[in-house]
Amino acid sequence: MTRQETVLEYLRERHIAFTCYNHPEGKTIEEAKRWWKDDGSIHCKNLFFRNHKGNKHYLVCFHCDHDLDIHDLERRLKESLVSQGKPSCGKLSFASPERMMRYLGLEPGSVSPFGLINDTENHVYLFLDINLKNAETLSFHPNDCRGTVVISKEDFEKYLATVGNAYEYIELYPSL
């Protein structure tokens with residue numbers, strides 16, 4: 001079964017509504033934008049980080065038209081985690097392809113929250129930009145950069161509840 005088929009089957013088995021369409025490969029946002037349909041969804045950028053010790057991993061999702069300064073991201077994540085009594089994320093760096101495969105079962109260019117299906121130990125902590133909370137629909141790769149899953153925010157949160165990873169909405173940048 002392909003990674004995309006695994007995602008779609010997972011969603012169907014849990015009665016989570018979505019639509020999916022296929023297109024040519026788009027490993028970067030710039031490439032993918034050529035193929036995305038104008039479906040009204042917020043297309044998301046997904047970045048996978050590790051802390052300086054390599055024992056914590058974070059998936060960060062936000063609107064595809066934004067970029068993040070890693071030092072500002074570190075500060076925001078640290079403030080959020082510490083305010084909840086959790087350990088600070090410390091210094092962040094991009095996780096290696098090996099770590100991406102180990103924790104999400106994915107390769108660079110195909111990172112998405114649907115990779116959490118493969119994180120059976122719920123090791124990865126997910127941060128979603130607060131602006132996504134106001135979206136009616138979101139879109140992500142189905143663990144393959146040759147497809148796009150469009151899902152309502154409510155059904156996406158239903159999905160997150162089924163995988164069980166800790167997550168939170170956090171302000172990563174000012175509202176659009």
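**Figure 1. Contacts of L128 in the predicted model.** Leaving aside residues up to four places away in sequence, L128 touches C61, F156, L160, Y167, E168, Y169 and I170. The structure shown is a predicted model. L128 is also one of the residues with the most contacts inside the largest nonpolar core, a set of 33 residues. L11, F48, L116, F156 and Y159 are the others named for their many contacts there. Several elements build this core: α1, β2 (42–51), β3 (57–63), α4 (97–104), β5, β6, β7 and α5 each give at least two residues to it. Another core, of 14 residues, lies apart from the largest one, and F49, F127, I170 and Y173 are among its members. In soluble globular proteins, nonpolar side chains tend to be buried together.

**Figure 2. The buried and exposed sides of helix α5.** Helix α5 covers residues 153–163, and its buried residues are K153, D155, F156, Y159, L160 and V163. Viewed down the helix axis, these buried residues fall within an arc of 160°, so they line one face of α5. The face turned away from the buried side carries the exposed residues E154 and A161. What do the buried residues of α5 pack against? Their partners are α1 (3–13), β5 (124–129), β6 (137–140), β7 (147–152) and β8 (167–170). Two of the buried residues, F156 and Y159, are among those with the most contacts inside the largest nonpolar core. After the helix comes G164, which has a positive phi, near 85°.

**Figure 3. Strand β2 and its pairing with β3 and β4.** Eight of the ten residues of β2 are buried, so this strand is largely enclosed by the rest of the structure. Strands β2 and β3 pair in the antiparallel sense, over seven bridges. One facing pair is C44 in β2 and H63 in β3, which stand opposite each other. The two strands form a hairpin with five residues between them, and G54 takes a positive phi near 80° there. Strand β4 (residues 92–94) also pairs with β2 in the antiparallel sense, over three bridges. Here N51 stands opposite L92 in β4. In a regular strand the side chains alternate between the two faces of the sheet.

**Figure 4. Strand β6 and its pairing with β2 and β7.** In which sense does β6 pair with β2, parallel or antiparallel? The pairing of β2 and β6 is parallel and runs over two bridges. I42 stands opposite L138 in β6, and the bridge partner of H43 is S139. Strands β6 and β7 pair in the antiparallel sense over four bridges. S139, the partner of H43, also stands opposite V150 in β7. β6 and β7 form a hairpin with six residues between them, and N143 is in the turn.

**Figure 5. H15 and N143, with positive phi values.** Most residues other than glycine have a negative phi, and most peptide bonds are trans. H15 is not a glycine, yet its phi is positive, near 55°. H15 is found in the loop between α1 and β1 (19–22). N143 is likewise not a glycine and has a positive phi of about 65°. The place of N143 is in the loop between β6 and β7. Which of these states applies to H15, buried or exposed? H15 is exposed, with a relative accessible area of 65%. N143, by contrast, counts as buried because its relative accessibility is 2%, below the 20% cut-off.

**Figure 6. The protein as a whole, for placing the close-ups.** The protein has five helices and eight strands. Along the sequence they follow the pattern α-β-α-β-β-α-β-α-β-β-β-α-β. Of the 176 residues, 51% count as buried. The radius of gyration is 15 Å, which agrees with the value near 16 Å that a compact globule with 176 residues would have. Taken along the principal axes, the C-alpha atoms fill a box of roughly 40 × 35 × 30 Å. Among contacts between residues at least 6 apart in sequence, 65% join residues at least 24 apart. The accessible surface comes to about 8700 Å², and carbon and sulfur atoms account for 49% of this surface.

Note on methods
Residues are numbered from 1 along each chain as its sequence is written. This is a predicted model: local features need pLDDT of at least 70, side-chain atom pairs count only at pLDDT 80 or more; totals for chains, interfaces and linings use all residues. Side-chain values use heavy atoms; hydrogens and water are left out. Buried means under 20% relative accessible area, exposed over 50%, partly exposed in between (1.4 Å probe, protein chains only). The arc is that of the directions from the helix axis to the C-beta atoms. Contact means heavy atoms within 4.5 Å. A nonpolar core is a set of buried Ala, Val, Leu, Ile, Met, Phe, Trp, Tyr and Cys residues joined through side-chain atoms within 4.5 Å. Two strands pair if DSSP finds at least two bridges between them. The radius of gyration is taken over C-alpha atoms; the globule rule is 2.2 Å times the number of residues to the power 0.38. Accessible areas come from the Shrake-Rupley method with a 1.4 Å probe; for residues, only the protein chains shown count as cover.
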